[in-house]
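User: Please take a close look at a single part of this structure and explain, step by step, how it is built.

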Protein chains: 2
Amino acid sequence: MSRARESAVTGHWITFDPGGSHVWSLPSETILDTARRAGVRIASVCGGRGLCQSCVVRVTEGPVEPPSQNDLEFFSAEELANSWRRACQTFACGDCHVEISARARAVPMRSEVESEDVWVRPDPAVRLYPVQVPPPTLQNPAADDYRLMAALNGKWPGTCSRIDLDVLRTLPGTLRACEGRVAAIVRFGEVIGVVPAEKGPLPGLAVDIGTTNIGVLLVDLRNGRTLASRATENPQTSHGADVITRIGKARSSRERQKQLHDLAVGAINDVARELCEGQSLASAQIADIVIAGNTVMHHLLFELPVEHLGAVPFVAASTSAIDVKARDVGIRAMPGAYVHAIANIAGFVGGDHTAMLLAIGGDHEEKTVVALDIGTNTEISLIHDGRLLTISCPSGPALEGRHIRCGMRSAPGAIESVEFSGEQVRIKTIENAAPIGICGSGVVDATAQLYLAGLVSRTGRMTREDPRIRMRDGQPEFLLAGEGHGPDVVFNQRDVRAVQLAKGAIRAGIQVLLDESGLREEQIEQVIIAGAFGNYIDVASAVAIGMLPDLPLERFAQVGNAAGIGAKLALVSYPHRATAQSIAASSRYLELAGLARFNRAFMRAMRFPGRNRN
Amino acid sequence: MSRARESAVTGHWITFDPGGSHVWSLPSETILDTARRAGVRIASVCGGRGLCQSCVVRVTEGPVEPPSQNDLEFFSAEELANSWRRACQTFACGDCHVEISARARAVPMRSEVESEDVWVRPDPAVRLYPVQVPPPTLQNPAADDYRLMAALNGKWPGTCSRIDLDVLRTLPGTLRACEGRVAAIVRFGEVIGVVPAEKGPLPGLAVDIGTTNIGVLLVDLRNGRTLASRATENPQTSHGADVITRIGKARSSRERQKQLHDLAVGAINDVARELCEGQSLASAQIADIVIAGNTVMHHLLFELPVEHLGAVPFVAASTSAIDVKARDVGIRAMPGAYVHAIANIAGFVGGDHTAMLLAIGGDHEEKTVVALDIGTNTEISLIHDGRLLTISCPSGPALEGRHIRCGMRSAPGAIESVEFSGEQVRIKTIENAAPIGICGSGVVDATAQLYLAGLVSRTGRMTREDPRIRMRDGQPEFLLAGEGHGPDVVFNQRDVRAVQLAKGAIRAGIQVLLDESGLREEQIEQVIIAGAFGNYIDVASAVAIGMLPDLPLERFAQVGNAAGIGAKLALVSYPHRATAQSIAASSRYLELAGLARFNRAFMRAMRFPGRNRN
């Protein structure tokens with residue numbers, strides 16, 4: 001357990017794959033230590049104490065010391081023969097190559113996705129056609145719309161059958177100002193914009209509208225390239241942090257509902273404008289928009305009634321894809337541009353989940369996959385045997401850092417990771433600012449560390465016997481940071497209970513899906529974790545507390561903002577919209593409110609799993 | 001020439017067909033006199049003096065006196081043998097049946113059209129589907145839109161693929177208020193309204209929006225029956241009586257253009273509301289709307305720029321059919337209802353002309369037909385050999401009673417017809433009110449009568465030698481009414497000149513169409529006169545002054561508000577919309593502004609034709 005150990009007196013070159021970082025190891029450093037020092041990310045929940053299963057690597061070249069007793073117990077003989085080790089247990093004794101396992105790389109994957117160079121053959125709903133429209137003459141005084149359509153259909157037969165009314169209103173002016181050298185932007189036979197013929201991108205927006213954040217990608221529809229992206233806080237949060245509060249607000253009056261609508265639309269417009277300006281574009285050039293959001297955000301955006309989303313059986317007004325003029329929603333774009341909203345699945349499984357399933361290829365997935373987006377409600381789909389089964393679990397606010405003693409949202413100064421290193425507590429804060437609170441991923445880490453350190457029992461009881469646990473307000477609590485260097489950041493008994501409720505709901509949700517399909521946990525071939533929170537949690541911690549099933553970590557993938565990616569796919573490739581619609585339509589939704597076995601599974605899943613499963 | 005003549009001492013029963021009126025003739029009455037006394041309409045331009053060719057009838061049964069010398073010259077031997085006579089020249093000498101010829105019935109035809117029981121197989125764009133939508137349950141908490149679509153498509157496969165956003169917004173409330181017993185109104189797969197399932201009409205609007213008047217028909221789309229109709233003044237007239245003035249106003253500022261739009265829409269909404277209320281319906285039940293208007297009215301309604309309509313080569317922004325949500329135009333209807341605007345043909349040949357051509361079956365017309373709508377601009381189409389050739393002539397305001405000394409629009413007290421009966425002047429005013437002015441049809445009559453009486457020369461010069469002509473302000477003028485019984489209503493030299501300009505333009509227009517097609521006047525098999533003014537003019541008078549070609553009067557038909565009928569056809573029968581579009585698209589438009597031969601024809605056509613053509 002102790003890291004103190006004889007080691008090579010001089011260092012060695014260690015090359016980490018993937019990434020190819022070339023790092024000089026210092027004497028008595030484990031491979032994990034070397035990696036950390038050099039900023040090479042290897043997941044580690046237990047802080048290098050050999051307690052957990054996160055820092056798995058494979059030594060593909062070069063000599064390392066023989067496996068520790070701990071690793072001899074941890075790995076099978078075959079795995080050891082294949083040079084699998086835990087980085088925290090392994091010391092190099094010469095230059096070597098170390099391959100970081102998929103699970104240990106889990107977090108870096110996030111940034112890959114955030115740069116989101118998903119490739120898809122561009123096949124957008126909207127296309128640009130440069131054309132020369134002849135002027136009217138006395139001999140041929142044909143109308144402006146007629147001459148435009150004749151020119152378009154002359155060059156590309158069948159391209160155009162109608163012109164949006166707003167476009168028509170500006171067409172005479174545009175044609176004359178450009179002497180007929182224009183480009184028509186056409187969507188399924190309808191001219192939605194006519195602009196001076198100029199080289200440049202044809203911008204579209206992919207919008208992921210979440211309860212807390214709104215993410216916007218500005219994409220060039222001609223080639224599918226993301227030109228820029230930005231996230232902003234959903235300004236509706238001023239009307240309540242969660243969907244239930246917002247449903248209540250929206251129900252209170254039509255004006256309030258309109259206000260919530262206006263806030264979201266305003267934020268989208270502001271971000272879009274900034275993104276456009278950064279590319280020397282204008283919002284009025286945006287030719288197409290795809291939106292994915294949870295059902296409540298979706299309904300508020302389209303001013304659909306939300307009251308039935310707030311009461312059993314939680315029925316959505318709409319789970320079909322919506323295509324509507326952007327101007328009818330208030331989103332600034334090309335005069336005739338449309339907004340396409342990806343179909344919702346159910347009252348608490350929105351288009352963002354559909355988009356996520358689209359992004360991960362849920363429609364042609366042949367493996368047995370659990371895909372989940374963790375939040376106040378956690379949407380989970382089980383893909384098995386070509387079928388999709390979906391639920392939504394009330395996982396509560398704890399995992400977003402809310403209803404937690406020192407909880408906060410992801411922002412500078414939030415503790416985002418916690419590691420116990422012997423008696424030491426290592427915390428990492430967002431932007432390395434002085435710790436001021438703890439956010440969702442830190443909450444999961446803290447719970448896992450307290451449990452793994454034996455400070456919390458399997459039933460979730462915090463010990464009062466350990467000197468590290470102090471009592472305040474009748475609550476046992478653990479000090480994460482502070483002690484005069486800043487505000488105390490603690491994690492207490494109530495916080496542990498809140499996490500138990502959250503992780504219990506998620507785990508029970510997964511269990512219900514498995515039961516419904518007659519599957520056992522180990523038959524899950526992949527667990528895909530999407531969304532902002534899911535992107536930042538330490539999977540090993542989540543497994544340690546029993547939130548996620550106890551599977552080899554390689555089976556987990558954190559895919560980041562998959563809803564945004566799905567929205568982008570649907571933006572760049574029209575056929576993907578049809579796929580999304582068929583994913584939503586073919587998904588079978590299980591309403592947990594009516595499911596007694598969910599409650600039973602939930603009670604079981606609130607306990608923590610055994611600490612050592614080997 | 002004199003009406004004084006021996007006649008049967010006692011009277012006889014005269015039955016007039018069509019109509020079947022049974023009238024007792026008085027001694028020395030001509031058949032025309034008898035008809036007039038009984039209110040049976042037989043056209044007569046010359047006031048029964050045997051000068052003209054309007055009052056042609058056929059005596060199908062019973063004895064009449066032998067033909068007068070005049071009729072012996074007027075009719076061929078064969079026609080006489082077939083009992084053709086002029087009513088003003090014929091005396092019954094026993095009970096008889098008199099069939100009134102088509103041309104002599106011309107005016108009554110108008111009212112037939114106004115009651116407009118045009119028959120068309122109902123095939124509307126919009127249909128109503130009653131359906132029972134099951135409530136959501138915990139076991140099946142499907143969204144409201146999903147359950148509605150499933151119920152619709154279950155009962156009528158393929159009916160419904162999407163729901164209008166405004167409908168979606170009210171769908172949850174409607175479904176629950178009606179316990180799922182609703183009717184969906186569907187337009188090409190899109191649900192545009194959901195209402196409680198109740199028996200009742202499915203109302204639609206056919207709107208004919210003219211420069212002066214707006215006509216609205218409320219139609220039951222299920223069976224094509226007109227439920228009610230009403231016309232109202234186009235309130236834009238406060239911004240100018242003619243399209244040129246309105247173009248100027250609209251160009252002056254965006255606000256002014258918006259104001260013109262709002263005025264027209266407001267009027268349509270007001271009339272529609274009244275019509276609906278009369279049927280215990282609400283505007284919000286209107287399921288479909290078809291609009292036909294001249295190009296300027298059309299552009300103002302849709303807020304399209306009109307500036308290019310006001311300058312050579314008079315180019316429209318749009319001559320395509322427009323389909324747009326009624327709410328986007330401001331017309332009150334069912335939440336998702338559309339407005340369909342019938343395609344324009346050119347800058348000065350609007351959708352009203354297209355609708356007229358649709359109403360008269362212009363697309364499958366095999367005869368050589370001239371169809372015209374007389375107004376400040378007169379739109380004329382020549383249908384020949386399956387082709388359509390169209391022009392618009394600047395016929396000016398005289399025929400609408402404007403720019404005429406005592407001119408006024410059609411309103412109570414306007415002289416609408418003028419007959420010289422020997423030395424007597426018989427006038428008829430609208431609603432038989434005391435004469436206060438003269439409207440369009442009176443203007444044509446007055447000109448014809450003055451010319452036929454020899455008071456105006458072929459070149460249009462009013463004689464100064466006749467005691468009936470007096471001088472005022474250096475102008476020769478003829479007193480039509482007044483002499484102390486009310487204000488003087490006169491018709492003067494300048495009025496004659498104004499009529500010459502108007503009728504010359506129309507006649508020249510027809511001539512240009514004939515020339516362009518290599519046809520002679522007598523090859524025209526039918527002249528169809530549409531529109532409010534054309535409906536009220538005396539065709540014989542119009543022929544007498546050379547406004548219309550000198551053809552047998554049977555070849556003329558006054559079809560009343562054919563634009564409104566066309567709009568109704570397109571409303572009740574969707575395939576007719578495609579026909580209208582193809583009529584508009586296939587029509588070849590001749591712009592007169594560039595046509596020297598129009599000016600030559602115009603100079604010739606300003607003269608009056610010979611007085612006696614027999």
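Analyst: The part chosen here is an open sheet of four strands in chain B, ordered E6-E8-E9-E7 with mixed pairing. Strands are DSSP runs of at least two residues (E) and helices are runs of at least four (H or I), numbered from the N terminus; two strands pair if DSSP finds at least two bridges between them. The model is predicted: local features need pLDDT of at least 70 and side-chain atom pairs count only at pLDDT 80 or more, while totals for chains, interfaces and linings use all residues. Residues are numbered from 1 along each chain as its sequence is written, and chains are lettered from A and ligands numbered from 1 in the order in which they are written.

At the edges of the sheet stand strand E6 (126–132) and strand E7 (162–163) of chain B, each pairing on one side only. E6(B) is joined to strand E8 (residues 181–187) of chain B by seven bridges in the antiparallel sense. Within E8(B), Ala183(B) stands opposite Pro130(B).

Two helices accompany the strands. Helix H5 (residues 144–155) of chain B lies across E6, E7 and E8 of chain B and runs at about 105° to E6(B). Helix H6 (residues 165–177) of chain B packs on the sheet, where H6(B) touches E7, E8 and strand E9 (190–196) of chain B; the direction of H6(B) makes about 30° with that of E9(B). Contact requires C-beta atoms, placed from the backbone, to lie within 7 Å. Axes are lines fitted to C-alpha atoms, for helices over the stretch in contact, and angles run from 0 to 180 degrees between N-to-C directions.
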